[in-house]
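I am opening a notebook page on a structure that is new to me. I will write down what I look up, one entry at a time.

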Amino acid sequence: MSGYLETKNLSVGYHGKPLIEDVSLCVQRGKIVTLIGPNGSGKSTILKTVIGQLPELSGTVYLDGETMHSRSRNDVARRMAILMTARVEPELMTCRDVVSSGRYPYTGRLGVLRDEDKKIVEQSLSQVDALAFADAPFSTVSDGQRQRILLARALCQQPQLIVLDEPTSFLDIRYKLELLSVLKRMVRENDLAVLLSLHELDLARRISDTVICVAGDRIDRIGMNAEKDDVMKTVYIKEAVDDYYAKVSNNGQELEHRFGCSGIDGVTFAPAFGQSRDGKKYLYVAYGIYGDTLRTDNDYQVILAYDTRDWKQYEQPLTQE
């Protein structure tokens, strides 16, 4: 079955040097296709090539049956909305102003909104549950609220396709889940095609119709079998789980686990503190935990180090689910 967005034999890279070759994607209306892989694996390069920020080294990108190059910029803007990783910092604009800018493909350079445009702005704000803070300055709202506003701006374009690069990057786990829930609802209600990148396998599994692993110099194992293909492992960090489920007393009431665990804040491989770069590598895991919903700071910021020479003891099997 053909998709609203398709790539055929696409090679992507920089300065004429291929980074990933033979990229063949098919994104249909009403479906979410997610690229997963570690930072630096090439996910963003693929997306930037698909949307035209980078030139194709070879191959073709098709949008609704026609090549991207055969469509005008305004035509593409009416069909495809883009939400990339770079933080947006508009000055002196309310959240409603930011959403309204999504109507530019229809209003022209002057950006004068007709009654119909204003109606679409309000509908878009409502669809992402953002009416309550629509008149707040964009610079003052939380990261989670900002991402909702940027999704609403994308909806304002009335696109058939939305491309998102790591939309959950700046969010804690609560806002990650909320944002992806809103995105999934938008896909269903608006019959959108969505192509996005994530590096969290568990989040990709929650919302995606197709998960594509980007590994090395090519896209690896579309529709992979998690139990047999040995593409990646999941790691069980017992200490982090114990901390999250530790009982806590709040206002005289004992609760079964801590409030607002912010999830894993960072994971890296590095030598021991104070050692040279050539030293033995450890897995470092950082996370924050909270004991009181009224506080805005961490009760504890934890950094754990694990010896990777006995890596097998931390591995857990993935299920096909």
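**Entry 1: a glycine in a loop**

I began with glycine 111, which I found in the loop between helix 4 (104–107) and helix 5 (115–127). I am working from a predicted model, and I keep that in mind for each entry below. I asked myself whether glycine 111 is buried or exposed, or something in between. Its relative accessibility is 21%, and because buried means under 20%, glycine 111 counts as partly exposed. I also looked up its distance to serine 101, and noted that the two are 10 residues apart in sequence and 7.5 Å apart in space, taken from C-alpha to C-alpha.

**Entry 2: the whole protein**

I then stepped back to the overall counts, and wrote down 9 helices and 18 strands for the protein. Of its 321 residues, 41% are buried. The exposed surface comes to about 17700 Å², with 48% of it supplied by carbon and sulfur atoms. For contacts between residues at least 6 apart in sequence, I noted that 65% join residues at least 24 apart.

**Entry 3: helix 1**

Next I turned to threonine 49, which has its place in helix 1 (residues 43–50). With a relative accessible area of 2%, threonine 49 is buried. Which residues does threonine 49 contact, once its neighbours within four places in sequence are left aside? I listed Leu10, Val12, Leu54, Pro55, Glu56 and Val61. The helix around threonine 49 is mostly covered, since I see that 6 of the 8 residues of helix 1 are buried. I wrote these down as Lys43, Thr45, Ile46, Leu47, Thr49 and Val50. After helix 1 comes glycine 52, and I noted that its phi is positive, near 95 degrees.

**Entry 4: the nonpolar cores**

I remind myself that nonpolar side chains tend to be buried together in soluble globular proteins. The largest nonpolar core here has 40 residues, and the ones with the most contacts inside it are Ile149, Leu151, Leu183, Met186 and Val194. I asked which element gives this core its largest share, and found helix 6 (residues 143–156), with 7 residues. I followed leucine 151 in particular, and, not counting residues up to four places away in sequence, I found that it touches Leu83, Val128, Leu164, Leu179, Val182, Leu183 and Met186. Apart from this core lies another, of 26 residues, and among them I noted Ile20, Val33, Val50 and Leu195.

**Entry 5: salt bridges**

As background, I note that side chains of opposite charge can pair when their charged atoms come close. How many salt bridges does a search of the whole structure find? The search gives 15 salt bridges, and I looked at some of them in turn.

I took aspartate 117 and arginine 103 to begin with, where the closest N and O atoms are 3.0 Å apart. Aspartate 117 lies in helix 5 and arginine 103 in the loop between helix 3 (95–100) and helix 4, so the pair ties together parts that are 14 residues apart in sequence. Both aspartate 117 and arginine 103 are buried.

I went on to glutamate 178 and arginine 148, which form a salt bridge with their closest N and O atoms 3.1 Å apart. This pair links distant parts of the chain, with glutamate 178 in helix 7 (residues 173–190) and arginine 148 in helix 6, 30 residues apart. Arginine 148 is buried, at a relative accessible area of 13%, whereas glutamate 178 is partly exposed, at 26%.

I also looked up glutamate 189 and arginine 185, for which the closest N and O atoms of the salt bridge are 3.8 Å apart. Both lie in helix 7, 4 residues apart, which is about one turn of the helix. Glutamate 189 has a relative accessibility of 49% and counts as partly exposed. I closed this entry with a network of salt bridges that links Asp129, Arg148, Arg174, Glu178, Arg185 and Glu189.

**Entry 6: the rings**

My last search was for aromatic pairs, and over the whole structure it finds 1. The rings belong to tyrosine 282 and tyrosine 284, with centres 6.4 Å apart and planes at 55 degrees, so the pair is tilted. I noted that tyrosine 282 and tyrosine 284 are both buried.

I then looked for charges over rings, and found that arginine 103 lies over the face of tyrosine 106, at 4.1 Å from the ring centre. The charged end of arginine 29 sits over the ring of tyrosine 4, 5.8 Å from its centre.

Conventions:
Residues are numbered from 1 along each chain as its sequence is written. This is a predicted model: local features need pLDDT of at least 70, side-chain atom pairs count only at pLDDT 80 or more; totals for chains, interfaces and linings use all residues. Side-chain values use heavy atoms; hydrogens and water are left out. Helices (H or I, at least four residues) and strands (E, at least two) are DSSP runs, numbered from the N terminus. Buried means under 20% relative accessible area, exposed over 50%, partly exposed in between (1.4 Å probe, protein chains only). Contact means heavy atoms within 4.5 Å. Accessible areas come from the Shrake-Rupley method with a 1.4 Å probe; for residues, only the protein chains shown count as cover. Rings of Phe, Tyr and Trp (its six-membered ring) pair if their centres lie within 6.5 Å; planes under 30 degrees apart count as stacked, over 60 as edge-to-face and the rest as tilted. A charge sits over a ring if NZ of Lys or CZ of Arg is within 6 Å of the ring centre and within 35 degrees of the ring normal. A nonpolar core is a set of buried Ala, Val, Leu, Ile, Met, Phe, Trp, Tyr and Cys residues joined through side-chain atoms within 4.5 Å. A salt bridge is a side-chain nitrogen of Lys or Arg within 4 Å of a carboxyl oxygen of Asp or Glu.
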